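This report looks at the aromatic side chains of the structure shown below, and at how their rings are placed with respect to one another.

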Amino acid sequence: DPVENCRETTILANESLPMLCSGSTMGSREGILEYIDVMVKEFDYWKERENCRSDMVGDDQAIHNYVFYNKQLKGAVAIPHRTGAIHVVGFMADKIFRKVIRKRVKMGLSEDKFEAEEYVNSHGYKMSLGEPSEEDRWRDWMVHQNLGLGEDGFMDRETGFILNLDGKPSPQVHQYDRFGLHFQSNFVERMVQDILDKEK
């Protein structure tokens with residue numbers, strides 16, 4: 001644990017505390033400026049000490065969580081998952097992507113996970129698992145078979161939008177790249193073009 005090594009605290013070992021995503025920080029101008037000051041000061045502390053060095057990718061996440069749970073950010077609050085202005089989908093998106101890859105191999109449609117991943121990235125979820133993928137239903141990008149990941153209610157099949165827990169579209173979706181390369185070309189780019197065409 002980089003925080004435990006650096007700050008000699010087990011504050012982040014408490015499993016009841018949700019892991020906060022540093023990439024979805026938002027606030028007022030004053031709040032963000034204060035956040036930057038606190039983060040820079042903490043980064044300076046870490047870089048000056050050998051025991052704080054870490055080869056871990058994304059060590060800003062550890063520092064972000066440490067300064068929040070150590071109450072160094074005045075007035076900062078954590079918004080419960082899928083209830084706020086930013087929906088971080090990375091964990092669920094990666095689970096869905098990996099499950100479709102494993103299922104494709106299990107169904108005998110690809111020889112191994114590498115071939116399956118390439119196919120999923122090119123063709124999307126539905127075609128990867130042998131489901132019909134109608135051109136005029138491109139917004140319905142999620143497979144219809146249950147993956148057993150709690151994905152029901154995660155997206156709207158009519159619009160393709162990712163949803164918050166209240167069933168409304170998530171205003172911002174962070175880490176959607178974890179759905180795989182197909183999601184950008186098969187849905188995001190088409191959705192943007194569809195919006196632009198309607199504005200003409």
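In this predicted model, a search of the whole structure finds ten aromatic pairs. One of the pairs joins Y176 and F183, whose ring centres lie 5.8 Å apart and whose planes meet at 55°, so this pair is tilted. An angle over 60 degrees would have counted as edge-to-face, and one under 30 degrees as stacked. The two partners differ in their surroundings, since Y176 is partly exposed, with a relative accessible area of 29%, whereas F183 has a relative accessibility of 3% and therefore counts as buried.

F183 also forms a tilted aromatic pair with F187, and F187 is buried as well. Both residues belong to helix α6, which covers residues 181–199, and because they are four residues apart in that helix, about one helical turn separates them. The geometry of the two pairs that contain F183 is set out here.

| Pair | Centre to centre | Angle between planes |
|---|---|---|
| Y176 and F183 | 5.8 Å | 55° |
| F183 and F187 | 5.4 Å | 40° |

Beyond these contacts, ring pairs link Y176, F183 and F187 into a cluster with Y125, W138, W141, F154 and F179.

Aromatic rings are also found beneath charged side chains. R49 lies over the face of Y45, at 3.6 Å from the ring centre, and R104 is placed over the face of Y119, with 3.7 Å to the centre of that ring.

How values were computed:
Residues numbered from 1 in each chain as written. Predicted model: local features only at pLDDT ≥ 70, side-chain atom pairs only at ≥ 80, totals over all residues. Heavy atoms only, no water. Phe/Tyr/Trp six-rings, centres within 6.5 Å; stacked < 30°, edge-to-face > 60°. Buried < 20%, exposed > 50% of the residue type's maximum accessible area, 1.4 Å probe, protein only. Helix = DSSP H or I, 4+ residues; strand = E, 2+ residues; numbered from the N terminus. Lys NZ or Arg CZ within 6 Å of the ring centre and 35° of its normal.
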